[in-house]
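Me: I'd like a close look at a single part of this model, with the surroundings explained as you go. Could you walk me through it in one connected answer?

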Amino acid sequence: MAPHRRSRPPSPMGIRTPAIATAALTSVALLSQTANASPSEEPRPSLEEVEKKVGDLYRQAETASEKYNAAKEKTTKQKKRVDTLLDDVARRTEKLNDAREELGTFAAAQYRTGAAAPDTASLLLADNPQDYFDQTHLMDRLTSRQKQSVDDYVTQQTATAEKRQEASESLETLTRTQSSLKTSKADVQRKLATARDLLSKLTTEEKARLAAIERQKQEEAQRKADELARQQAADTERRRQEAAQGTGTSTGSGSASGTSGSTAKADKALAFARAQVGKPYVWGASGPGSYDCSGLTQAAWKAAGVTLPRTTWDQVKAGTTVSVNSAQPGDLVFFYDDISHVGIYIGDGMMIHAPKPGAYVREESIYYMPIHSVVRPA
């Protein structure tokens, strides 16, 4: 009989039930899908986030525009200065050459007469001709006219050298301001491009909702403007009554818009601003076909005979600061903590301003943006 052989029990590691096998295959499949999947896209921003981001970008672009305006104004002034200095250097160089020729003439004459034997080349190439003449004792034997020629030459040489140095420094400054101009321009274009990109990705429904948010903001700003108009009208009426009681006659001529306080210059500035309504906002523009915010206010007051600086940061210093409640037509209203926007007050809590890229010069409530200050130019 063949020996009986006991069968060996199967190894636990070798057991593979159908359930475990299925789970393993599923895990492998999931891992494979994860490995082959493309990186997850960034979550789509909400409409409120887009609205805030676009608003911030427009504000930043306007701030960059004011930097551009400042650099452009500085570049223009610096270029005029450089041109003036270079013209001056050219004139002085011409005079220096004339003086050098005269020195050469009399130096040669001195040599021919035997009065002295100066080295004419050394004379004309000397860093300081005066030192050269002193060292050779030639000045003692020169005529008064010849001495005057030496003095003129030394003076011209010194003045020309100083002007050349000044022109060189001005050219370096001009180069820096031109670089700043390019940087500010690129900054504006980059921010506006980002804003346009964000808006282009909105669906039709989102654009409609965004327009509704805009209308709501304008309605709230208009409500505040109407409230200010009523308050200003009440203040005007109170002053009229006080004046009548004090003099026995009714001399006040107040109105809801407060135009009784307007000066002739303010009226001219307002008339100009109203004529620009409907023209496009273009950053860096100061008319006549398009404007940015400070370009419009500068042009309006220029029409009234008042010269304002180019940027909002300088315009805010060009007049007397008054309270919002005391604002009169023609006053400049500045916005945001960084004073990056300005409009011209027309009364009733309203202003005319060049709002932002893609918009046109228009009338709007001064409460559409956070007010920084009100300034009366004249």
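Where is Pro 288 found? Please start there and take in the helices on either side.

Reply: Happy to. Pro 288 is found in the loop between α7 and α8, and please keep in mind that this is a predicted model. The peptide bond from Gly 287 to Pro 288 is cis, with omega near 0°. In general, most peptide bonds are trans.

Now to the two helices. α7 covers residues 264-275, and α8 covers residues 293-303. Two packed helices are described by the angle between their axes and the distance between the axes. Here the axes come within 7 Å and cross at roughly 130°. That angle makes α7 oblique to α8. As for handedness, α7 passes α8 in a right-handed crossing. On the α7 side, the contact is made by Lys 265, Ala 266, Lys 268, Ala 269, Phe 272 and Ala 273, while α8 brings Ala 299, Ala 300, Trp 301 and Ala 303. Sorted by class, this contact has eight nonpolar, no polar and two charged residues.

α8 itself is mostly covered, with nine of its eleven residues buried. Among them are Cys 293, Leu 296, Ala 299 and Trp 301. After α8 comes Gly 305, whose phi is positive, near 90°.

Trp 301 deserves a longer stop. Leaving aside neighbours within four places in sequence, Trp 301 is in contact with Lys 265, Ala 266 and Ala 269, and also with Val 306, Leu 308, Gly 330, Leu 332, Ile 344, Pro 377 and Ala 378. Trp 301 also belongs to the largest nonpolar core, which has 43 residues; Trp 301, Leu 332, Phe 334, Ile 344 and Ile 352 are the members that touch the most others. Both α7 and α8 supply at least two residues of this core, as do α2, α5, α6, β2, β3 and β4. The most comes from α2, with nine residues. Apart from this core lies another, of 13 residues, including Ala 221, Val 322, Ala 327 and Tyr 368.

Back in α7, have a look at Leu 270. Its relative accessibility is 4%, so Leu 270 counts as buried, the cut-off being under 20%. Leu 270 and Trp 301 are 31 residues apart in sequence, yet their C-alpha atoms are 8.3 Å apart in space. Not counting residues up to four places away in sequence, Leu 270 touches Pro 329, Gly 330, Ile 344, Tyr 345 and Ile 346. Gly 330 and Ile 344 are also in contact with Trp 301.

Those partners lead to the strands. β2 (332-335) and β3 (341-347) both feed the largest core, and the loop between β2 and β3 holds Tyr 336 and Ile 339. Most residues other than glycine have a negative phi. Tyr 336, however, has a positive phi of about 70°, and Ile 339 has a positive phi near 50°. Tyr 336 is buried, with a relative accessible area of 15%. Ile 339 counts as buried too, at 14% relative accessibility.

To set this part within the whole, the chain has nine helices and six strands. Of its 378 residues, 37% count as buried. Among contacts between residues at least 6 apart in sequence, 68% join residues at least 24 apart.

Methods. Residues numbered from 1 in each chain as written. Predicted model: local features only at pLDDT ≥ 70, side-chain atom pairs only at ≥ 80, totals over all residues. Heavy atoms only, no water. Helix = DSSP H or I, 4+ residues; strand = E, 2+ residues; numbered from the N terminus. Buried < 20%, exposed > 50% of the residue type's maximum accessible area, 1.4 Å probe, protein only. Contact = heavy atoms within 4.5 Å. Axes fitted to C-alpha atoms, helices over the stretch in contact; angles between N-to-C directions. Parallel < 35°, antiparallel > 145°, perpendicular 65-115°, else oblique. Left-handed = near helix turned anticlockwise from the far one by under 90°. Nonpolar A, V, L, I, M, F, W, Y, C, P; charged D, E, K, R; others polar. Core = buried A, V, L, I, M, F, W, Y, C linked by side-chain atoms within 4.5 Å.
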